[in-house]
Amino acid sequence: MRTRHGTRWLALPAALLLALLPTSASAYPNPGRVTGDITVHDPTMLRATDGTYLLYSTHGGLETRTSTDRIAFSRSGNAFNSPPSWWKTYSSGNDPWAPDISYHGGKYLMYYAVSSFGSSNSAIGFATSPSGKAGTWTDYGIVHSTTGSSNYNAIDPNLFVDGDGKWWLSFGSWWSGLKMIRLDPATGKQYAGDRTVYGIASRPTGTKAVEGPSVVKRNGYYYLFASYDTCCAGTSSTYKIKVGRATQPTGPYYDKNGVSMMNNGGSPVLESHGRYIGPGGQSIMSDTDGDLLVYHYYDGQASGTAKLGVNLLSWSGGWPTAY
């Protein structure tokens, strides 16, 4: 992980220290140090009960990597050894996307998407595992789906479990924006007592490019992180991570300037800088040393290869800051 620089800077002359400090809001931190197999897209990470870090990402039956120190990562297979039969309805290549892993009720949970690029004929699947390791996942089928005529897209899922025991799944990409549904903790599927599809973020004018929601609760507020603009274009990607907050999980979410995320709002958390192009596909992970922003970026010094980025998050002042 990225080291905190404060102790190293104390010995520097004051003039040099000032010169090193960010001079504008456009100054963003570089990713923390990670090594090994870090070519990933849409990463989600969790520290297992045995202390091992589990990292899942898009492609290959949902690629699996592990680490013992959160720095060195190695491939360890895929979540699924063979594709569930329903995948082919939504993806001719049986290529699942954007997994989201968590641990609740003594087992590991995974939500993920099956679709094809640019299509809203999509579905969100659900699986569980006793260990969270590669090849141990049991699939339970479709949680929510959309068709080519839908005005939203059932991809990029993220589970949020509230303090009152309610489960919520946020998801979405382009079209009419990001959505949220309530889940039943007993089944992991949609809650029968509330079939509402809530809108939580949208770009009604201009580009429709918002996707990949992640929701957490901190200091009495619900925070919605999302990826804005264009992904998946290597060094031409314009992805960036923005955030808003609300007083209830279904919103409304507002940015620092009071602009609704249903009306193109969102305060920047991380944007392109230097070789680190198009950060996005993010998830939020809580670890022993604080919250982590886990994401991919396109490396300008490696022909735009998608790589793992990890930064700590500070919540000072009521808003997240990556460092």
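Let me begin with two residues, Phe-160 and Tyr-222, both of which are buried in what is, I should say at once, a predicted model. Phe-160 sits in strand β10, residues 158-161, and Tyr-222 sits in strand β15, residues 221-228, so that with their positions 62 residues apart in the sequence the pair links distant parts of the chain. Their ring centres are 5.7 Å apart and their planes stand at 85°, and since an angle over 60 degrees counts as edge-to-face, that is the class this pair falls into.

Before going on, a word about confidence. The average pLDDT of the chain is 92, and 92% of the residues score at least 70. The exception I want to point out is residues 1-26, where pLDDT stays under 50 and for which the model has 25 contacts beyond four places in sequence. Where pLDDT is low, the predicted coordinates should not be read in detail, and I will leave that stretch aside.

Back to the rings, then. There are 17 aromatic pairs in the structure, and another of them joins Trp-87 to Tyr-112, with centres 5.7 Å apart and planes at 70°, so this pair too is edge-to-face. Trp-87 belongs to the loop between β5 (72-78) and β6 (96-104), while Tyr-112 belongs to strand β7, residues 107-114, and the pair therefore ties together parts that are 25 residues apart in sequence. Are these two residues buried or exposed? Trp-87 has a relative accessibility of 1% and so counts as buried, and Tyr-112, at 0%, counts as buried as well. Both also belong to one aromatic cluster, which is formed by Phe-80, Trp-86, Trp-87, Tyr-90 and Tyr-112.

Aromatic rings also meet charged side chains here. Arg-182 lies over the face of Tyr-191, at 3.9 Å from the ring centre, and Arg-245 lies over the face of Tyr-221, again at 3.9 Å from the ring centre.

Let me turn to empty space inside the protein. How many cavities of 30 Å³ or more does a search of the whole structure find? The search finds one, and the volume of this largest cavity is about 140 Å³. Its lining is made up of 15 residues, and those lying nearest its centre are Ala-98, Pro-99, Pro-157, Gly-281 and Gln-282. If you look for the elements that give two or more residues to this lining, you will find β6, β14 (210-218) and β18 (276-287).

Finally, there are some points about the backbone that a newcomer may wish to look up in the model. The peptide bond that runs from Gly-251 to Pro-252 is cis, with omega near 5°, and Pro-252 is found in the loop between β16 (240-246) and β17 (267-270).

Which phi value does Leu-62 have? Although Leu-62 is not a glycine, its phi is positive, at about 70°; the residue lies in the loop between β3 (53-57) and β4 (63-67), and with a relative accessible area of 0% Leu-62 is buried. Arg-70, which is likewise a residue other than glycine, has a positive phi near 70°, and its place is in the loop between β4 and β5. As for whether a charged side chain is left open to the outside here, the relative accessible area of Arg-70 is 4%, and because anything under 20% is taken as buried, Arg-70 is buried.

Terms used:
Residues numbered from 1 in each chain as written. Predicted model: local features only at pLDDT ≥ 70, side-chain atom pairs only at ≥ 80, totals over all residues. Heavy atoms only, no water. pLDDT = per-residue confidence, 0-100. Contact = heavy atoms within 4.5 Å. Phe/Tyr/Trp six-rings, centres within 6.5 Å; stacked < 30°, edge-to-face > 60°. Helix = DSSP H or I, 4+ residues; strand = E, 2+ residues; numbered from the N terminus. Buried < 20%, exposed > 50% of the residue type's maximum accessible area, 1.4 Å probe, protein only. Lys NZ or Arg CZ within 6 Å of the ring centre and 35° of its normal. 1 Å grid on protein atoms, 1.4 Å probe; cavity = no way out; pocket = protein on both sides within 12 Å on 5 of 7 lines; lining within 4 Å. Points joined across faces, edges and corners; volume = space filled by probe spheres on them.
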